[in-house]
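Me: Could you take a close look at one part of this model for me? I'd like to hear about the salt bridges, told as one connected story.

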Amino acid sequence: MKKKHLAILLAASMVTSMTACGQKAEETATTAAPSTEAATEAPTTETPAETPSQENEGTYTAGTYTGTTTGMNGELAVEVTFDEDSITDVAVKDHVETYGIGYGMATTPVEVMPGKIVEAQSVNVDSITGATITCMAIKRAVSDCVQQAGGDPKAMAEVHDSFDYEENMEADVVVVGGGAAGLSAAITAAEAGADVLLIEKQGITGGSTTRSGGKVLAAGTPWQTKQEFEDSSQEMYDYLMSFSKGLIDEELLRDFCDNSADNLAWLEEVGMKVKDVEPIHSSLTPWRVHNSEGGGGQTSGHGGQITVPLTERAEELGVRFVYNTSGKELITSEDGSVTGVKAETADGKQLTVNGKAVILATGGYASSEELMSRYQEFLPSNKNTTVPAGNIGEGLLMAEAIGAKNFESDGLQLVYVSYTCGVGINEESGLIVSAAGERVVNEWTYQSHVAEALAQAKSPMGYYIATDNDPNPTVQYGITLDSTVKAATVEELAQQLSMDPAVLKATVDRYNELCAKGEDEDFGKPAEYMIPVEGDSYYAIAMNPGSSVTFGGLGINENSQVLDTQDQPIKGLYAAGEVAFTGLFGTEYPCCGMAIGSAVYFGRIAGTNAAAEE
């Protein structure tokens, strides 16, 4: 029973953290709500309990009722109070939703949805874009209470949001995108005295960062010293440069590494609480991945510990937020300088925002079927992603339309993982083969490196080949599942996987030969992890590819200015974060915390310089 419980927890962790840094499965308008029907508790009423009936004089049987359902992470409970004619109060009483998505801000569902429902006198109100799962859970639980009180939630009117913004707005600095990069840019620009307006496509801030594990990469920090790790910006630079393959800009990376400790300290000053430092994978030392409070390991949904305090600081500084609005086109003057943005609200209203400078922080494009199509040889579908549905590369296309350089990288943050038992997320280190049945990598290494090797082999699947002697708990659980392919011989296993039996048999034989030698002559895996694949039965656990962070995008210089096709800065245009990762990554994701850390750093640089534009 203990083994099964552990495996279920691991599989649940896998579903919500399928990428290297534990990004949360998205809460978006395109994500289906959980199918679990709402369980109900006995109503607590102000009058003696009775079975509600539409024959009552009023619409409802007055009283307070409790409804429960499944939210993003578990049970969510609401209390709804009725008089005979109306809903008088809705309160979320208990939940385990994600901080910064489900709750924690003035714009998140737990705080917003109860008031919307009472005002509309209906559960048929619009959900908050970017937090749909929690919104739907609240509406299901309230619907249950409506039924308990004798009402009919299906008969309630549909009430839709209307976004009432000025058609023409002005600001010194216009930020497009409210994730870690955009919020950091907005704060530093406001601190420099600029009037800042931030456009956010969703109904909440946070972007991919909120869904992540909330990790920040930094070297030479007090947290490392506290845990007795000696580290320096030079060591961090050397490590990250080892992944370059000629794609990393030495100056950009040097700036980030040299300022990484100060960058983390700035986040702490804003309000991020650091829990500890860890390696993510045992093969990576020294430890320099800094966890936000509550995080650690392959967990997700802790990025709100970064984005909520960033949002609150921006609000304190007077940054104006325009939600549910997408940037569509950059405005330029006759000399090519960027002077504003044309935008569109979710209900189709057209806006124009003029400014002295624009900062693009719109994230990547992992949710764009068109832009992700170039990875189809090893990533046949872009549906296995954990980023917001709005990450479709709009910032890239807006800038490219006015002459910005847009580098289409061959790399992205990638992981191959079993969606049934979680193999591929942790440190399982047995034999992994490509779809062709060939071994391509040292399996005891960081998961992005395993994924990169499979991607280089153009393999749309990976398979973990196991027998009963595999020591990993996730593998032991995986081989008990009906979905796991099982056979009496390696050749039979290969046939079921549509592989050449001779190829897979040769791969297994060679692996076992190396295990017997005690030395991995092919890929250098440590001897203690070379466990032979031998037994009465053979299993193949399917590992599917999934992605989140995309590389490449806009090129920037050390001032976060966007470059044109001649590598010259475009006046008035800045970028930071995933929209501008050209020069910061090679073809594989080197370490958790790199995306958030660099987004914050170059966002701050963008904000400072944009505020100085004349």
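Reply: Sure. Let's start with K215 and E278, whose side chains pair up in a salt bridge with an N to O distance of 2.9 Å. This one ties together distant parts of the chain: K215 sits in strand β7 (residues 215-217) and E278 in strand β8 (residues 274-278), 63 residues apart. Keep in mind that the model is predicted. K215 has a relative accessible area of just 2%, so it counts as buried, given that the cut-off is under 20%. E278 comes out at 13%, so it is buried too by that cut-off.

Now over to helix α10 (residues 304-316), which holds both R313 and E316, 3 residues apart, or about one turn of the helix. Their side chains form a salt bridge as well, at 3.5 Å from N to O. Here R313 is partly exposed at 27% relative accessible area, while E316 is exposed, with 60% relative accessibility.

Helix α15 (residues 501-517) has its own pair, E513 and K517, set 4 residues apart, again about one turn of the helix. The N to O distance in that salt bridge is 3.7 Å. E513 is partly exposed at 37% relative accessibility, and K517 is likewise partly exposed, at 46%. This pair also belongs to a bigger picture: R510, E513, K517, E521 and D522 are linked in a network of salt bridges.

As for the overall tally, the structure has 23 salt bridges.

Terms used:
Residues numbered from 1 in each chain as written. Predicted model: local features only at pLDDT ≥ 70, side-chain atom pairs only at ≥ 80, totals over all residues. Heavy atoms only, no water. Salt bridge = Lys/Arg side-chain N within 4 Å of Asp/Glu carboxyl O. Helix = DSSP H or I, 4+ residues; strand = E, 2+ residues; numbered from the N terminus. Buried < 20%, exposed > 50% of the residue type's maximum accessible area, 1.4 Å probe, protein only.
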